[in-house]
Amino acid sequence: LDSLSGSPGPVITAPAKPDYGAVRKAIEDVLDVDGYDDGSYGPVLVRLAWHSAGTYDKASGTGGSNGATMRFAPESEHGANAGLAVARNLLEPIKAKFPWITYADLYTLAGVTAIEAMGGPTIPWAPGRSDAPDSTACPPDGRLPDASLGAAHIREIFGRMGFNDREIVALSGAHTLGRCHADRSGFLGPWTNAPTTFSNLYFQELVNNKWRKKRWSGPVQYEDKSGELMMLPTDMALIWDRKFKPVVDEYAKDEETFFKDFAAAFSKLLALGVPGQAA
Ligand code: HEM
C-alpha cells in the first residue's frame with residue numbers, strides 16, 4: 001500500500017485469513033453509548049456507509065464506496081456529509097487495531113454491522129475495496145440527494161446509481177433509524193419513536209400518521225400532531241408519488257418483504273463500483 005503512494009510508511013501485511021468477524025465485534029462494542037443522541041452510534045454509521053457509496057455514477061464508473069475518498073477534502077466538507085466526521089472518528093481506533101482492513105471496507109462493514117445489531121436483516125457484504133491515496137478521486141459535490149426536493153430529483157439521483165422505484169423506496173426505509181440534527185443538515189428530529197431499532201416503522205408512520213408543514217424558521221419539513229416526529233420533503237414525496245406510494249403501503253404492512261428488499265438494495269449500494277462485485 002505504502003509503496004503505491006510513494007511514502008516510506010510502515011508495511012502493512014494482511015493476515016493470511018483476515019478476521020472480519022473480529023472487526024464486526026469491535027464495531028458492535030462501540031455502538032451503544034449513553035448520552036450520544038438516542039444512545040447509539042448505529043444510525044450515523046449507517047449514514048456514513050450510505051454517503052460513502054451513494055456518490056456512484058454508473059455511466060462514468062466514478063464515485064462509490066471504493067476508495068473511501070470521503071476521508072479527504074473536498075468530499076469530507078461537502079454539505080451533505082456534515083456530521084459524518086463523528087462516524088469516521090469513531091472508527092479510527094478500530095482501523096488502528098485492525099490495520100489490514102481498508103477504510104473503504106471498514107466504512108461499509110460498519111453500516112452493515114450496525115443495521116444487523118439494531119435488529120435489521122442480514123446484509124450480504126464482501127471485502128475488496130481499496131483506499132485511494134489522496135483526493136484526486138473525490139466525486140464532485142451534488143451527487144447525494146437534496147432533502148428539500150421531490151420525486152423527480154430522487155429518481156434522477158438514484159437512477160444515476162442504477163436503482164429502480166422499488167429499490168428507492170426500500171432504501172429510504174433506513175430513515176426508521178436516527179434523526180436529523182439542526183447543526184448538521186438544518187433539519188430537526190427523528191422519523192420514528194424507535195430510532196435505534198431497524199423496523200418498518202418509518203413506512204407505518206408515513207402512511208398512518210398525519211403530516212403537516214412545521215411552522216418554524218428552519219427549512220421546510222413536516223411534523224406529526226405531537227410535533228415530535230418529522231418527515232423531509234423527500235420522505236413525503238414517497239407518499240405523494242403514485243408509483244412510490246403502493247410500495248410504501250406494501251412495506252408498511254409487510255415488514256418481512258421490506259427486510260428482504262432492503263437487504264438486497266443496501267448490499268447492491270455498497271457493491272457499486274467495487275472491483276469484482278459488479279451489481
Ligand atoms: C439522516 C436526507 C436517503 C440513512 C438524514 C438526514 C438527512 C437525510 C437530511 C439528517 C442528517 C443530520 O442532520 O444528521 C436523505 C435524503 C435521502 C436519504 C434526501 C434520499 C432522498 C437515505 C438512505 C439511507 C439513509 C438511502 C440509507 C440506506 C440515513 C440515516 C440517517 C439519515 C441512518 C440518520 C443519521 C443520524 O441519526 O445521525 N438523511 N437521506 N438516508 N439518513 Fe438519509
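The chain holds eleven helices and five strands. Its radius of gyration is 18 Å, close to the 19 Å that the globule rule gives for 279 residues, so the chain is as compact as a globular protein of that length. The model is a predicted one, and a ligand is surrounded by a shell of 24 residues.

**Overall form**
- The C-alpha trace of the chain spans about 60 × 40 × 40 Å along its principal axes.
- Of the 279 residues in the chain, 42% are buried.
- Among the contacts in the chain with a separation of 6 or more, 72% are between residues 24 or more positions apart.

**Surroundings of the ligand**
- Pro43, Ala174, Gly178, Arg184 and Ser185 come nearest to the ligand among the 24 residues around it.
- At least two residues of the shell are supplied by each of α3 (42-53), α7 (165-172) and β1 (179-180).
- Helix α3 provides the largest share of the shell, namely five residues.
- By residue class, the shell consists of 14 nonpolar, seven polar and three charged residues.
- Both domain 1 (2-143) and domain 2 (151-262) contribute to the shell, with at least three residues from each.

**The sheet**
- An open sheet is formed by three strands in the order β3-β4-β5, with antiparallel pairing.
- Strands β3 (212-213) and β5 (230-231) lie at the edges, each pairing on one side only.
- Strand β4 (residues 222-223) is joined to β5 by two bridges, and these two strands run antiparallel.
- Tyr222 stands opposite Met231, a residue of β5.

How values were computed
Residues are numbered from 1 along each chain as its sequence is written. This is a predicted model: local features need pLDDT of at least 70, side-chain atom pairs count only at pLDDT 80 or more; totals for chains, interfaces and linings use all residues. A residue is near a molecule or strand if its C-beta atom, placed from the backbone, lies within 6 Å of it. Helices (H or I, at least four residues) and strands (E, at least two) are DSSP runs, numbered from the N terminus. Ala, Val, Leu, Ile, Met, Phe, Trp, Tyr, Cys and Pro count as nonpolar, Asp, Glu, Lys and Arg as charged, and the others, Gly among them, as polar. Domain bounds come from an automatic or database domain assignment. Two strands pair if DSSP finds at least two bridges between them. The radius of gyration is taken over C-alpha atoms; the globule rule is 2.2 Å times the number of residues to the power 0.38. A residue is buried if 20 or more other C-beta atoms lie within 10 Å of its own, exposed if 12 or fewer, and partly exposed in between; C-beta atoms are placed from the backbone. Two residues are in contact if their C-beta atoms, placed from the backbone, lie within 7 Å.
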